[in-house]
Every structure is written in structure tokens, then in C-alpha cells.
Amino acid sequence: MARSIWSGYINFGLVSVPVGLYSATEEHEVDFHQFQKGTSDRIRYKRVNERTGREVDYDKIVKGHDIGGGEYVIIEPDELDNIAPGKSRSLEISTFVDLDEIDPIYYQKSYYLGPKDGDNASSYALMRDALKKTNRAGIAKFVMRGKEYLATIRAQDKVLVLETMYFADEIRDPAKELDDLPAKSSAGKQLSMAADLIEAMSGEWKPSDYKDSYTERVKKLVETKRKGKEVVFTEEEPEATTPTDLVSALRASVEAARNRRTSGTTKKTATRKSAARKTTAKKTTAKKTAKKAAAKKTSTRKKAA
């Protein structure tokens, strides 16, 4: 079993549930080192004292906050730990909210919460099942690795999932970040056709249908260059659809999406029919086999008589 990266207690009301925190996700990336161009010389980073030019060991480094004018307030690691609420071992739930009310923009990273020991597994299961039944998530705060996190705790199948979240003041206002947001669309026909396209392209959410194609291309690029072959790029950058071409582009897109859906439905129907024929054939074969076996038994009894 994997080791927990944090352990503590979920607290709500007078109930405390001991849990461990585990990574729920992993990223598949191709690792690269840095080199000086035209050489095989590695580029490395060092922690260097800017005054002496000497490298400094990690355990001799402290943090300092810039207060302006070239002055810093130096903070020791122990001082940060001492001010952590609950000594960094408490997931204090302040309220429970409906899951559907949380805007996904607040979600940061997913973790699994597992029961810390077998003696308290029943309280863990009770909390999980109650959250699942009510479709609620617990809102909590906790400290991990010198940082306080806002978090939701929700149920997913047999496990509790913790989502670290951004605080409200960490979400940027789009009106301040983007100056050229268009006003409400007034094109009735175009809006209707855009809605039709969305409906025609709608389907079930199946995570397994989506693969990281870029990482696969990077691996292929590395392998191609390793063999000394030439790398050829053929994909062209798309061009923006002009307002004059928008209606025809929407119409063609809707038609193509509907044709794909019809084709997919036809294939599924054919597959189901084929499966049904195979099942029927198996049943028929089984019946014939049973009849032959019964006939043999009858014949045997007659001969014996």
C-alpha cells in the first residue's frame, strides 16, 4: 500500500475520523534535461550565496519576506509549523454544501482519503455513505507542507476524495483580465444552429475515451531522432471562421455530427444484433445437444429393457 503524504483527523461536530491523504492522480510526461545548445554540457541549478558566490546546503537555508527598501523579515521553518492551526493534523469541516453548487474553477488537485486504521473503518464508511446519500461535500481547511488549503471532502464509490481548492481571492476576475469580452449574442439563427451543433455532438462522459496524444507524439519524436531520421511536421494551424462563413460552417458541422451519430448508432445496432444472433445460436446448439443426449439415454434404456 502507498504511504500517506499527510495524516490527521476529519472533524465535524463532535466526530473525529482518523485518515491518511494519498495522491489520486499522476501525470505522464517525457522528462528532459537542459543542455547548452550545440554542446553536450548539462545545465544545472545551484543554491548560491549571491554575496560570496558559494553554494549553500539546503538545511542552512531559511525564508525571508521582502518588506521593501531592501529589508527582509527572516522566518525559521519551526516558526511556520508552530502557527499552523491544529498543528497541521486537523481537517476541520465548517459546513456541508450541495456538490452541484461548487464551480469547478475552484478545484485545484485531487487526493484520496483512506481510513487510518481498521478500528475506525466503520466511522469512515458512515461518513462516506452519508455524503453519498445527501450529495453533499464537506468544506474544510487544513495545513500541509507549510501552506493552508481550502478543501472539499466528497464521496466517490468506496472512497472519500479530497479536492484542494483556491480561495475566493485567488480566482481572477475575468472582466479585469480580459478587456475585449463580447456582449450577449443577438444572432437568433446562428445561436439556434450553434445549440443544434452542441446537441448533435453531445454524448456520455467516458474518461477512458480520451488519451494523452501529445505525450505519445513526443515519445515518437524522441525515437525518430534517436534513429537519425528526419522529423516531418504536416499539421497546419487552423484559421478563424469569418462572420460571413459562420452560418455555412455551422450548417456543415451539424450535418457531419449527425451523420457520425447515425453511423455510430448503426454500428452499435449491428453489433447488438450480431451478439443476439450468437446468443441465439448458442442456445439453439445447447438445445440440440440436450435433445441428442436425451435421445441417447432413451435409446440406451430401451436396449437395456
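Here are a few exercises with worked solutions on the predicted model above.

Residues are numbered from 1 along each chain as its sequence is written, and side-chain values use heavy atoms, with hydrogens and water left out. Since this is a predicted model, local features need pLDDT of at least 70 and side-chain atom pairs count only at pLDDT 80 or more, while totals for chains, interfaces and linings use all residues.

**Exercise 1. The core**

Work out which residues of the largest nonpolar core touch the most other members, and which strand gives the most to this core.

Solution. Start with the term: a nonpolar core is a set of buried Ala, Val, Leu, Ile, Met, Phe, Trp, Tyr and Cys residues joined through side-chain atoms within 4.5 Å. Buried means under 20% relative accessible area, exposed over 50%, and partly exposed in between (1.4 Å probe, protein chains only). The largest such core has 21 residues, and Ile 10, Leu 91, Leu 113, Phe 142, Ile 153 and Leu 162 touch the most other members. Next, look at who supplies it: among the elements giving at least two residues each are strand S1 (6-12), strand S5 (90-98), helix H2 (121-134) and strand S8 (147-156). S8 gives the most, with 4 residues. Helices (H or I, at least four residues) and strands (E, at least two) are DSSP runs, numbered from the N terminus. As background, nonpolar side chains in soluble globular proteins tend to be buried together.

**Exercise 2. Salt bridges**

Find how many salt bridges the model has, then go through the pairs of Asp 129, Arg 172 and Glu 216.

Solution. The rule is a side-chain nitrogen of Lys or Arg within 4 Å of a carboxyl oxygen of Asp or Glu. That gives 7 salt bridges.

- Asp 129 pairs with Arg 128, with the closest N and O atoms 2.9 Å apart. Asp 129 is partly exposed at 39%, whereas Arg 128 is buried at 15%.
- Arg 172 pairs with Glu 177, and here the closest N and O atoms are 3.9 Å apart. Arg 172 is exposed at 65%, and Glu 177 is partly exposed at 44%.
- Glu 216 meets Lys 219 at 4.0 Å, N to O. These two sit 3 residues apart in helix H5 (residues 213-226), so about one helical turn separates them. Glu 216 is partly exposed at 48%, as is Lys 219 at 45%. Salt bridges that share partners also join Glu 223, Arg 226 and Lys 227 into one network.

**Exercise 3. Positive phi**

Identify where Asn 135 and Asp 157 lie, and say what sign their phi has.

Solution. Begin with the background: most residues other than glycine have a negative phi. Asn 135, though not a glycine, has a positive phi of about 55 degrees. Asn 135 lies in the loop between H2 and S7 and is partly exposed at 31%. Asp 157 also has a positive phi of about 55 degrees and is not a glycine. Asp 157 belongs to the loop between S8 and S9, and at 59% relative accessibility it counts as exposed.

**Exercise 4. A long-range pair**

Give the C-alpha separation of Gln 156 and Tyr 112, and decide whether Gln 156 is buried, partly exposed or exposed.

Solution. First, place Gln 156 in strand S8. Its C-alpha atom is 9.6 Å from that of Tyr 112, with their positions 44 residues apart along the chain. Finally, a relative accessible area of 30% makes Gln 156 partly exposed.
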